[in-house]
Amino acid sequence: MCGARVGGRSLDGVDTGAEAVIEGVVRAGGSPVAGAYVRLLDTGGEFTAEVPTDADGAFRLFARPGRWTVRVLAPGREPAQRAVVADTGAVATLDVDV
Amino acid sequence: MSRTDALVDADWVQAHADDPTVVLVEVDEDTSAYDAGHIAGAVKLDWRSDLQDPVRRDFVSKEGFEALLSARGIANDETVVLYGGNNNWFAAYAYWYFKLYGHGDVRLLDGGRKRWELDGRPLVTDVPQRPATQYRATEQDASIRAYRDDVLAAIGTTGLVDVRSPDEYAGRLLAPAHLPQEQSQRPGHIPTARNIPWSKAANEDGTFRSDDELRALYGGAGVDLDGDVIAYCRIGERSAHTWFVLHELLGLPNVRNYDGSWTEYGSLVGVPVQLGDEAGQPAGGAA
C-alpha cells in the first residue's frame, strides 16, 4: 500500500499519538472544492506527498514534526499555498482558499 | 526508445478516441477513482488485485498476465496507453510490467489523471465492453528488474538511486506523508544510494520535465548516464516512474527497477543501512 486515497487516509485504527497529522479543507468562495490536489512540501520546497480532496474538500496528511508548506492545485484556479507546523500527537488544521 | 515512442499527451488521446488500435488503461492501487469517472474508452487495472500474486509477494505469472489481458480485451498488436492517479506512479509501474512481459507498443499519458482533471477534460462512467482476446506474453525480461542480491552487490559499485522523498531517504519518515508512519521496516536508505526524488523529474501538474532538464537533473546529481543504474523506492512504483524517465525517455541502456524496494530491504536481517541525508559508505551507519 503506497498510493494516496481521495481525501487522505482515515484515522480509524491509527495510533494518532505517534503521528503528526495535517488536515483541512480546500474552499473556493466559501464552498468546498472536491478533486483539488494538495501537495506537502518540505522546508527545501521538495515534494513529500500529495492527496486529492474528497467530496467535502477535505484532505489529511501524516507528516513528521516540523515546518511544512501545503500547496494546492485546483482546476481553473491559481495555485495557493500556506505554511503549517506539525507536531507528533497533534492534528494541525489548516484550510486553504483557492 | 525515446519520448515520442513512450509518451502521449491529452490531445493525442482525444484525437485517437475512436482508433481501434489504441486501448486506454487506467491503473491505480485504489480504483475507486476509475469507478467515479475515467477517460472514455478506458479499461481499468487494479495494481493489487490484478498485477500482484494473491499469496506470495511477486507478480502474477506469465500465464496469469495472459489471462488478465485476454479477459480485458487487450491484443498483442494494440497500442496500450496507460494513465492513473498518484502522478502516474502505478501507471508507470504497469508500463514497466507490460515491458517486462514483452508488450510491443506501450505509452504513458503525460500528466495522468491529474493534468487531465486540472485541464477540465471530460470523464465518463460508462465501462467499455471489449471482446476477449488470446493475449500471449513473453518470459519476463530480466534486464529491467533487480532483486535484493543485485542491490547488495551494487552497494558502492553500481549507480543506486533512491527516489523517495528526502525525509524517507534520511529515515525521518517511513512512508510517503499521505500514509500513517507506523511501519515494520528500519528507517534509512541503502548505503551509497543517491537521493533523487521521483518528483524532481516531474512538473507539479504531473507532466515530465524536458529531456534537457532531465539529463541535467540526473547528470548533475552524479548519475553516470552511460553506466548501470538501479532505482528503488518503497514498493517499486515511484521507482518505476524514474525507471521510465531513465530508460524510456533518456534511453539509458541498463536501468533496472528494484520492486522489492524499501519494504523488502528495510526488513532484511544483517544488511547495511545508512541514516541521514548523506549517501554514506558501503558499511552504512548513522549520520
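This report looks at two parts of a predicted model: how the domains of chain B meet, and how one sheet in chain A is put together.

Let's start with chain B. Its domain assignment splits the chain in two: domain 1 covers residues 3-140, and domain 2 covers residues 143-265. If you take the C-alpha centres of domain 1 and domain 2 of chain B, you'll find them 23 Å apart. The two domains do touch: 21 residues of domain 1 of chain B are in contact with 18 residues of domain 2 of chain B.

So what does the domain 1 side of that contact consist of? Three helices of chain B, listed here, each bring at least two residues to the side of domain 1 that touches domain 2.

| Helix of chain B | Residues |
|---|---|
| α1 | 3-6 |
| α5 | 89-100 |
| α6 | 112-118 |

Which element gives the most to this side? That's α5(B), with eight residues. As for the kinds of residue on the side of domain 1 of chain B that touches domain 2, eleven are nonpolar, five are polar and five are charged.

Now over to chain A. Here you can pick out an open sheet of four strands, in the order β4-β3-β6-β7, with antiparallel pairing. Its edge strands are β4 (47-52) and β7 (80-86) of chain A, and each of them pairs on one side only. On average, neighbouring strands in this sheet are turned by 25 degrees against each other, ignoring direction.

Zoom in on one pair: strand β6 of chain A (residues 66-73) runs antiparallel to β7(A), and seven bridges join them. To find one of the matches yourself, look for A:V70, whose bridge partner in β7(A) is A:R82.

Conventions
Residues are numbered from 1 along each chain as its sequence is written. Chains are lettered from A and ligands numbered from 1 in the order in which they are written. This is a predicted model: local features need pLDDT of at least 70, side-chain atom pairs count only at pLDDT 80 or more; totals for chains, interfaces and linings use all residues. Domain bounds come from an automatic or database domain assignment. Two residues are in contact if their C-beta atoms, placed from the backbone, lie within 7 Å. Ala, Val, Leu, Ile, Met, Phe, Trp, Tyr, Cys and Pro count as nonpolar, Asp, Glu, Lys and Arg as charged, and the others, Gly among them, as polar. Two strands pair if DSSP finds at least two bridges between them. Axes are lines fitted to C-alpha atoms, for helices over the stretch in contact, and angles run from 0 to 180 degrees between N-to-C directions.
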